[in-house]
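Here are some short exercises to work through with the model open beside you. Try each task before you read its solution.

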Amino acid sequence: MISWDKTAIINVAELDSQHQRLIALVDNLHQAMTSSRGKSVVSHALEELVGFTRMHFDTEETLMTRHAYPDYEQHRKEHEALLEDVGRLLQRFREGDVLIPFAIELDLEAWAFRHIATSDKQLAAFLNTKGVF
Ligand SMILES: [Fe+2]
Ligand SMILES: [Fe+2]
């Protein structure tokens, strides 16, 4: 189980609150899996997490294009790679592999902390120079 860590704050309010929600949804998935509340609860938590992740990436990509972020392509590729990875896992879960949510949780958790601490932090520093906080 993970929790929101202040070191992950990047200083752009909208993105910080989305990251916080993202981590809450990973926790939520963890709860759903460990409390054995059944497949539909896990499935719901999983779909919600993946859906929110997509929405969050859209938010960042919109900000990057709006402010002509120079590292847009690289950053977008990192988002895309994660979504492809998670999309493949989600497909296997829908096909009946019940252990998949654990893989997605671990994947997203590790990925999110790494990505937020590096790529998102860089993006936020750039946005700050454009007056976006
Ligand atoms: Fe990002
Ligand atoms: Fe992010």
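**Exercise 1. Find where Leu29 sits, and work out which residues it touches beyond its sequence neighbours.**

Start with the address: Leu29 belongs to helix α1. This is a predicted model, by the way, so keep that in mind throughout. Next, check the accessibility: Leu29 has a relative accessible area of 0%, so it counts as buried. Then look around the side chain. Setting aside neighbours within four places in sequence, Leu29 is in contact with Val42, Ala45, Leu46, Leu49, Pro101 and Glu105. Finally, try a distance: Leu29 and Lys39 are 10 residues apart in sequence, and their C-alpha atoms lie 11 Å apart in space.

**Exercise 2. Describe the overall fold of the chain: count its helices and strands, then decide how compact it is.**

Count first: there are 4 helices and 0 strands. Reading from the N terminus, the order of elements is α-α-α-α. Now for compactness. The radius of gyration is 15 Å, and the globule rule gives 14 Å for 133 residues; the two are close, so the chain is as compact as a globular protein of that length. For the dimensions, the C-alpha trace spans about 45 × 25 × 20 Å along its principal axes.

Two more numbers fill in the picture. Of the 133 residues, 44% are buried. And if you take contacts between residues at least 6 apart in sequence, 70% of them join residues at least 24 apart.

**Exercise 3. List the donors of the iron ion (ligand 1) and trace them along the sequence.**

Pick the donor atoms out one residue at a time: Glu60 (OE), His75 (NE2), His79 (NE2), His115 (NE2) and Asp120 (OD) coordinate this iron ion (ligand 1), at 2.0 to 2.2 Å. Written as a spacing pattern, the donors of ligand 1 read E-x14-H-x3-H-x35-H-x4-D. One pair in that set links distant parts of the chain: Glu60 is in helix α2 (residues 39–66) and Asp120 is in helix α4 (residues 100–129), 60 residues apart. As for exposure, both Glu60 and Asp120 are buried.

**Exercise 4. Do the same for the iron ion (ligand 2), then classify the geometry of its site.**

The donors here are His19 (NE2), His56 (NE2), Glu60 (OE) and Asp120 (OD), again at 2.0 to 2.2 Å. Their spacing in sequence is H-x36-H-x3-E-x59-D. To classify the site, look at the angles among the 4 donor atoms: they run from 84 to 170°, and the site of ligand 2 is irregular. A pair of its donors ties distant parts of the chain together, with His19 in helix α1 (residues 13–34) and His56 in helix α2, 37 residues apart. His19 and His56 are both buried.

Now put the two sites side by side. Ligand 2 and ligand 1 are 3.5 Å apart, and Glu60 coordinates both.

**Exercise 5. Check whether the end-to-end span of α4 agrees with its number of residues, then look for a bend.**

Work out the expectation: at 1.5 Å a residue, the 30 residues of α4 should span 44 Å. Compare that with the model, where the end C-alpha atoms of α4 are 41 Å apart, which agrees. Next, the bend: α4 has a kink of about 45°, centred on Ile116. Past the helix comes Gly131, with a positive phi near 85°.

**Exercise 6. Is Thr53 buried or exposed, and what does it touch?**

Thr53 lies in helix α2. With a relative accessible area of 2%, Thr53 is buried, because anything under 20% counts as such. Leaving out residues up to four places away in sequence, Thr53 touches Leu22, Leu82, Leu83 and Leu108.

**Exercise 7. Look up phi for Asn11 and Ala68, and say where each residue sits.**

Take Asn11: its phi is near 80°, a positive value in a residue other than glycine. Asn11 is in the segment before α1, and at 43% relative accessibility it counts as partly exposed.

On to Ala68: this residue is not a glycine either, yet its phi is positive, about 50°. Ala68 is in the loop between α2 and α3 (72–94). Its relative accessible area is 60%, so Ala68 is exposed.

Notes:
Residues numbered from 1 in each chain as written. Chains lettered and ligands numbered in written order. Heavy atoms only, no water. Donors = N, O, S within 2.8 Å, 3.2 Å for Na, K, Ca; no water. Helix = DSSP H or I, 4+ residues; strand = E, 2+ residues; numbered from the N terminus. Buried < 20%, exposed > 50% of the residue type's maximum accessible area, 1.4 Å probe, protein only. Expected span 1.5 Å × (residues − 1). Bend = angle between axes of the 7 residues up to and from the residue. Tetrahedral: all angles 85-135°; square planar, octahedral: opposite > 155°, others 65-115°. Contact = heavy atoms within 4.5 Å. Rg over C-alpha atoms; globule rule 2.2 N^0.38 Å.
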